[in-house]
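Hello,

Please find the structure we spoke about below. My notes on it follow.

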Amino acid sequence: MYKLAEYQSIDAELKAIEQELSANEDRKKGIAAKKFLDTVNDSLAELDRKAAEFDNAYTKYTETFRKLSETQKEFDNVFEEYSGEDEINFVKKKAQELVDELKRLEKLINHLKEEILSITEQYNTLKKKTMAAQKQFKESGQKYTEFKASKAKAQEEIQVRLKALEKDIDPQALSLYKQRRADKIFPILYEYAGAGFCPHCRTEISKLAESNLSKSGIIVCDNCGRILYNNK
Ligand SMILES: [Zn+2]
């Protein structure tokens, strides 16, 4: 058997462990919790900023409302001071404007109250979620670390077997293999039996490439980068 092919068949055991680790549910939960925790402080700060803004507006509008209400009280006694119809009409108009403005302010103030309540709720929800995520991150992190540790011995054993094979493999072919392995490509190596196309991606293999293959023993597929070897 071509040595690099034997190497790959052992490496496949290592790859299977890596896939098992990467598919581990606790690992995924930990990553999700971390992602949430990485952004939650920004979200909380944004809510804080909004709450302060609404609080300021609320204070300002309630103060204006209070002042205008006082002015309105003064209007109650003012009519007897005026005699002319024009004057009275003018004052009536002003009084109505004041009533309208007070209504408008009241609406605004009620709206702000609702906004402040809603922000408080959002803030509390986010705080609860944060605590849950912190707990999740810790728990799944611990479980995943244990799971990973349970695989370490098997991984080491495979590494030892791989290392032992390396001295029998053409260094250039091994280096090509390792580059692809680092790029998370797998399987990397395919036997080429002269079918005229790459066994992995089905791209045509030219006559020139075929002749290179019979000379050097391996070629690389132009399209998918897989290593093709000639088992003769
Ligand atoms: Zn290919």
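Fold and core

Read from the start of the sequence, the protein chain runs α-α-α-α-β-α-β-β, which comes to five helices and three strands. Helices (H or I, at least four residues) and strands (E, at least two) are DSSP runs, numbered from the N terminus. The radius of gyration of the protein chain is 38 Å, well over the 17 Å that the globule rule gives for 232 residues, so the chain is more spread out than a compact globule. That radius is taken over C-alpha atoms, and the rule is 2.2 Å times the number of residues to the power 0.38.

This is a predicted model: local features need pLDDT of at least 70, side-chain atom pairs count only at pLDDT 80 or more, and totals for chains, interfaces and linings use all residues. Residues are numbered from 1 along each chain as its sequence is written.

The C-alpha trace spans about 120 × 45 × 20 Å along its principal axes. The chain is divided into domain 1 (10-166) and domain 2 (170-232), with bounds from an automatic or database domain assignment. Their C-alpha centres lie 54 Å apart.

Buried residues (20 or more other C-beta atoms within 10 Å of their own, C-beta atoms being placed from the backbone) make up 8% of the 232 residues.

Tyr192 is in contact (C-beta atoms, placed from the backbone, within 7 Å) with Pro199, Ile205, Leu213, Leu228, Tyr229 and Asn230, leaving aside its neighbours within four places in sequence.

Regards

Key. A residue is buried if 20 or more other C-beta atoms lie within 10 Å of its own, exposed if 12 or fewer, and partly exposed in between; C-beta atoms are placed from the backbone. Two residues are in contact if their C-beta atoms, placed from the backbone, lie within 7 Å.
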